[in-house]
Every structure is written in C-alpha cells, then in structure tokens.
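Please find below a note on the ligand site and on one helix residue.

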Amino acid sequence: MKVSELSENLKPSAILQLAADIRALIAEGHQIYNLTIGDFNPKIFQIPDELKDEIIRAYESDNTNYPPGNGEVLLRKNISEYLKNNLGTDYSENEIMISGGARPLLYAAYQTLLDIGDTVLYPAPSWNNDAFTYLARNKAVILRTKAENRFLPMAEEIEPHIRDIHLISLCSPLNPTGTSFGKEELEKICDLILIENKRRNELAVKPLYLIYDQIYWQLSYGDTAHYHPVLLRPEMKDFTLSVDGISKCFAATGVRVGWAFGPKKIIGKMVSLLTHVGAWSPKAEQIAVGNYLTHTENVKSYMENIKSELSFRLNEFYKEFMQLKAEGFPVDAIQPEAALYLTLKFDLIGKESAKGQKINTVQDITNYLLHEAKVALVPFSSFGASSDSVWYRLSVGTTARNDIPNIMNNLKNALESMRVTV
Ligand code: PLP
C-alpha cells in the first residue's frame, strides 16, 4: 500500500528496539531495571494532590467543551505571573499559548519559523530535534558535543555555521545529559545570534531564531542555576521562542499541559497552525493547572520534595559510579546538574566477559548491560551522537530509592566479569 514518502521514511524512535528487547526479557521472567524512559513511575512520583483535586473539580464543573485555540485565559494569565515570579521574565498572556504538552509546540515552532529546505542547528545528543527537522522538511547542522563541555554546544562551535542557519534549537537543562548552560556559555550564544541578526536586519531577510526548550528548568539541583536567553540579553526577545510545561516538574507527563512564550506574531501563527491539528490541552486540565499555579505554598513544597527525591537518586548513582571509577572500572559519569538524567560512560569496547562475550560495538555494550546486569540504559547514539559514542543516559524517574543498591550491585558484577581482550 503506497503512502506518502514523509510517513514512509519517518524513523521510529531509536529507543523502541530497546523497549522491545526489555519486554521480551520481562516476559521470560527476568527482573529488569528499566532506566531508559524519560518518564515517571506514577506509583513512585505522583502529581500534586491539589492538582488532582483541581482536575476533578474542573470536570465536575462541566469544563468539557472546546478550549480557546490559544488556551484558557486564566491559565495564560497565571503562567505569565508564575514566570514573572519564579523565572523573572515578562510575558503577557497574549505572548503565551497552551498546548497538549510541549511536543506539539516544538513541532509547531519548527513549522512556523522555518521554510522548507531551511537549516536548523542543534546539538547531539539531544531529544527529538531530528524528528522535528525531518517533519518540517528542513536540513540540519548537527553539532556533536563534547564530554568536557558537559555535552552542551558552545558558541565557538556554532559560530562557523552562523550565516548558513535559520534556527538554533537549544534545550537547557538538556535531555539526555541532565546538564545546564552556565551564564557565560549562554550569553556567548545570544551575542552570536544578536550580531548575526543585525546583519540580517540590514539585508532585510528573515532573522535567525532560537527555540529554547526549558521543560526541565525547575528541576535544577545544588548550585545549578537556570538561565534564560531573554533575561541575559533582553534584545533576544524578538528572536526567542520558549517551550515549557508541567510534564516534568509536576511529574505530570500524562496530564498534557504545555506552553510556549515568545513574540506575539510567532505565537499567533503557532496558534493558527495547531488549531488545525487540534492539539489542545483538555479544557478541564487547563483550568485545573491555572488554579493550581496560584497555590504558591503548595507548589513550592511539591517542588522541593520532587527535587530532593530526584537529586537524591542522581547523586547516589553518581557517587557509586565515581567509586567504581576510583576502583579502576572503565566507567565515568558527569556530575548531575538537573532533570531526571545522569550521563554515564561505559568504556567496554574491545573487552571480553568471563563467559567469552566480546564487546565490539555500542550495541554490544547495551545488550551486555541489559542481559548480564539486567539494567537498561539508552546510548547517546539514540539521541543523535555518533554510533561509537560509549556514553549513556540513565533516567531516575522510575527508580525507587531502595532499587539503587541492587542496580549498582548488578552493574558491578557485570563489569567485574569483563577483562581486556589480548
Ligand atoms: N522537551 C524535552 C527536552 C523533553 O525531554 C520532552 C519529553 O521527554 C519534551 C519536551 C516533551 O514534553 P511533553 O511531554 O510535555 O510533550
């Protein structure tokens, strides 16, 4: 049966094959620690009780017809206030739109900002930019980022491409790495964009836009601060489209409320586009979140709790991996800064297990950890890093505190049975 080339050639998520392998092992009766998903186990991480109550109340009040295309005004106003009070930005309710999570907003932003054949620059590893680029029929400059930069793209790496690109898609804190831009790192990128846009303004051509996905910004730990381009460089406001939402900070991935904020014209075009798709967030959920955001004390204590639960897990794993490294195991980790993710390295290529399993590829490492340690992790190659990258994402959203010793024990045993091939 013939279908469009676009749909025919759409690549399935690289994590899907791994998911199938995990399901098969579970079906065989193995206990698998599945640390691959960027989601929460809702039995471990619940949404705020008050948000749940607000959702029920909103349905009981019959908020079940179409919401406005740009979202409920109550929610947009309260997001405007929330961002002002917690982030420091100044966006009115008319510069904000709501959608069914952050994904439709990212899709719409690509479609709104780029012409067919335009070029987007994004770092790898990063989440889903490849799919959005493909769907908008654009070209990409993919920056393969470095461990020494915490896998964040640096201005010096962007600069050589600056004249040839139409959009830079950044995410901070970054999925899959759990690392965040420092102030100077982001300032330098903003300055590059501003200089380039002065040039484009004189030529009267479309400016270079920035998508700034900050869905994890409230999950920043320790000394890590979150920076926003428009707060660092107010002139960035005309060129920056930000994406945000409740999915991660309230462990509410299934509730589906996301928002974008940016220049009124861009938001208006995105609203028109998504109105045709009907990618609205349900009206009752919008009203519920609008109300919940005003429960300031409750929001604050929920956030403190989820942050302490997530950072406890990330720091425990980090500490354990640094201990393994100190003991001479071929592993490494990057200090967790934010989000649900820990960046890990398994330098196993060229090694052989006591049972004679040879590790020649990243796929071999992934399979070895899954079958021998019963631990599933996603290689950075699934997020666009090169196929020989031995770095991995560990997600803690489904991990109970008392799973950590078992997981580390399994990993240590699997690593212990490795020896260097002669
Ligand atoms: N942005 C990033 C960086 C993500 O990692 C994800 C989900 O994993 C999303 C956006 C999607 O968020 P939502 O579930 O609100 O669509």
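The points below cover the basis of the values, the ligand and one residue outside its shell list.

1. This is a predicted model, in which local features need pLDDT of at least 70, side-chain atom pairs count only at pLDDT 80 or more, and totals for chains, interfaces and linings use all residues. Residues are numbered from 1 along each chain as its sequence is written, and side-chain values use heavy atoms, with hydrogens and water left out.

2. The residues around the ligand (a heavy atom within 4 Å of it) are Gly101, Ala102, Arg103, Trp127, Cys171, Asn175, Asp213, Ile215, Tyr216, Ser247, Lys248 and Arg256. By class, five are nonpolar, three polar and four charged, where Tyr, Trp and Cys count as nonpolar and Gly as polar.

3. Polar contacts here are pairs of N or O atoms within 3.5 Å. A polar backbone atom of Ala102 is 2.8 Å from a ligand oxygen, and a backbone N or O atom of Arg103 lies 3.0 Å from a ligand oxygen. From the side chain of Tyr216, an N or O atom is 2.8 Å from an oxygen of the ligand. The protein buries 97% of the 400 Å² that the ligand exposes when taken alone (Shrake-Rupley method, 1.4 Å probe).

4. Ile55 belongs to helix H3, residues 49-60 (a DSSP run of H or I, at least four residues). Why does Ile55 count as buried? Its relative accessibility is 12%, and buried means under 20% (1.4 Å probe, protein chains only). The C-alpha atoms of Ile55 and Thr119 are separated by 41 Å, with their positions 64 residues apart along the chain.

Terms used:
A polar contact is a pair of N or O atoms within 3.5 Å; within protein, one must be able to donate a hydrogen and the other to accept it, and residues adjacent in sequence count only if both atoms are side-chain atoms. Helices (H or I, at least four residues) and strands (E, at least two) are DSSP runs, numbered from the N terminus. Buried means under 20% relative accessible area, exposed over 50%, partly exposed in between (1.4 Å probe, protein chains only).
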